[in-house]
Each structure stands twice: as C-alpha cells, then as structure tokens.
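Visitor: I'd like a close look at one part of this protein, the stretch towards the end of the chain. Could you walk me through it and then show me how it sits in the rest?

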Amino acid sequence: MSKIDHSLFSANKHALEKEYEICPQCGSELVIRNSKSGPFLGCASYPKCDFIRPLAHHDSNEIKVLEDSACPQCSKPLVVKNGRYGMFIGCTGYPECHYIANENEEKQSEDTLPSCPKCKKGHLVARSNKFGKVFYSCDCYPSCKYTLNNKPVEHPCPECNWPIVIERNMANGTLLQCPQKSCMHKLTPTE
C-alpha cells in the first residue's frame, strides 16, 4: 500500500479539466464547470465573460436518411434522429412537418380499439406514460378525458349495459370486467 501515489486520488482536480480550448468571446481558456444539470464548458474569466457551451458538442442529430420511406403527411424522406429521449424516426422537412413515427402505429392499426363510450365522438387509443406503462384514452383529449388502465373490449356489460368492458390479466387467466365504478361486474366465460 505504500507504493500508491495519493496525488492521483485528489478530489480537487479532474482528469478532463484541461480542455485547452479558447473562449470565442474573450480569448481566455475554457474549463469544465459543474451545475445541477451536469458538467459544461465555461470561460475561465467568469464573471467578466459569461460564455458557456455543452461538454458534448453535437453538430447534427440526424443519423441516417431513410431513402425508401416517405413521410405520410408531406411525402419527404424520413430520417433516423437522436433526440432528448433517444433515437426516433421523423420527417426531414422538420420545421414545416412535425411527423414522428410511432412504434405502436402498426399494432394499433391491426388491433382496433372501440369508440369512446363517454363522449361517443372519438376512439380509444393506446398511449404510454413517462414510465412506459400503457393506458387507453379518448383521442378527443382535452375535451374528453376518459381513460382506462386496462385494455378495452367492445362487449356490453350485462348488468349496466356500458358499451365496453376491460380485459384484466389475473393469476388464473384473463378476466373481463365492467370499468364503471358503480358496477364492476365480472363476466364469466359463458357471458
């Protein structure tokens, strides 16, 4: 243990602290600084000069243009992009066209969901929250705020005649149940 160089483990110096870049505003050296959002490069002569830039500088977030696929809204080619929440497929004509390919589009078109029983104008669509959990809501949001946590099935409830029931996965198999809190009727396989 006596052969360990303790100067390597000092907390006041960082291995990447010397970036050796100059500030474009004042010509001073840029150094790594830390904030609650993470590390960034800032001018060494702060507060006289307030120049900052991200530590990882990306020139372009476009990874690859998909020549063989066209945007369904404006028919320009689609591109694979790297964004805030990871990679996604979007339109090359971005400021004019805001199309983003949804990975659940194919699943939703194959597996049709019933219309909204509350407003009777929209259809129920599968959505996911920020944690990735799937829920079902009316596509007329915000005028209709009807949501379900389980998959809806177009089958009227025999007790209250609500037009849909939900599919619940239980330990002993799948169960159909009325989503209305006043009813909550469980359907047997013969119903």
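Visitor: To start with, in the loop between which two strands does Met184 lie?

Guide: Met184 lies in the loop between β13 (173–177) and β14 (186–187). Keep in mind that this is a predicted model. The backbone at Met184 has a phi near 55 degrees, a positive value in a residue other than glycine. As for cover, Met184 counts as partly exposed because its relative accessibility is 37%, between the 20% and 50% cut-offs.

The two strands on either side of that loop belong to an open sheet of four, with the order β11-β12-β13-β14 and antiparallel pairing. β11 and β14 are at the edges with a single partner strand each, so one side of each has no neighbour in the sheet. Strands of a sheet pair through backbone hydrogen bonds. At the other end of this sheet from β14, β11 and β12 run antiparallel and are joined by three bridges. If you want a spot to click on there, Val153 stands opposite Val165 in β12.

Now for the loop between β11 (151–153) and β12 (165–170), which is where you find Asn161. Asn161 is another non-glycine residue with a positive phi, about 60 degrees. Asn161 counts as exposed, because its relative accessibility of 59% is over 50%.

Pro163 is also found in the loop between β11 and β12. With a relative accessible area of 35%, Pro163 is partly exposed. Leaving aside neighbours within four places in sequence, Pro163 is in contact with Pro117, Val153, Glu154, His155 and Pro156. Pro163 also sits 9.0 Å from Pro114, C-alpha to C-alpha, although 49 residues separate the two in sequence.

Trp162 has its own list of partners. Beyond four places in sequence, Trp162 is in contact with Pro117, Tyr146, His155, Pro156, Cys157, Cys178, Pro179 and Gln180. Trp162 also belongs to the largest nonpolar core, which has 15 residues, and is one of those with the most contacts inside it, along with Cys116, Leu124, Tyr146, Leu148 and Ile164. The elements that give two or more residues to this core are β9 and β12. As a rule for soluble globular proteins, nonpolar side chains tend to be buried together.

β9 takes us to another sheet. Three strands form this one, also open and antiparallel, in the order β8-β9-β10. Its edge strands are β8 (124–128) and β10, each pairing on one side only. Five bridges hold β8 and β9 together in the antiparallel sense, and Ser128 stands opposite Val134 in β9. In the loop between β9 (134–138) and β10 (147–148) you'll come across Pro142, which is joined to Tyr141 by a cis peptide bond with omega about 15 degrees. There's a cis bond earlier in the chain too: Tyr46 and Pro47 are joined that way, with omega about 15 degrees. Pro47 is in the loop between β3 (38–43) and β4 (52–54).

Here's what the database has to say. An unreviewed UniProt entry carries the annotation "domain: DNA topoisomerase type IA zn finger" for residues 21–55, 70–104 and 115–152. In the model, residues 21–55 are 0% helix and 51% strand, with end C-alpha atoms 12 Å apart. Residues 115–152 come out at 0% helix and 37% strand, with their end C-alpha atoms 10 Å apart.

Stepping back, the protein chain has one helix and 14 strands. Buried residues make up 25% of its 191 residues. Of the contacts between residues at least 6 apart in sequence, 16% join residues at least 24 apart. The accessible surface comes to about 14,600 Å², and 53% of that belongs to carbon and sulfur atoms.

Last, how far can you trust the picture? The mean pLDDT of the protein chain is 79, and 79% of the residues reach 70 or more. Among the elements, β10 has the highest mean pLDDT at 90, while helix α1 (residues 105–110) has the lowest at 45. Over residues 106–110, pLDDT stays under 50, and the model has one contact for them beyond four places in sequence. Where pLDDT is low, the predicted coordinates should not be read in detail.

Note on methods
Residues numbered from 1 in each chain as written. Predicted model: local features only at pLDDT ≥ 70, side-chain atom pairs only at ≥ 80, totals over all residues. Heavy atoms only, no water. Buried < 20%, exposed > 50% of the residue type's maximum accessible area, 1.4 Å probe, protein only. Pairing = 2+ DSSP bridges. UniProt positions renumbered as here; feature names shortened; annotations may be inferred. Core = buried A, V, L, I, M, F, W, Y, C linked by side-chain atoms within 4.5 Å. Contact = heavy atoms within 4.5 Å. pLDDT = per-residue confidence, 0-100. Areas by Shrake-Rupley, 256 points an atom, 1.4 Å probe, with all protein chains shown as cover.
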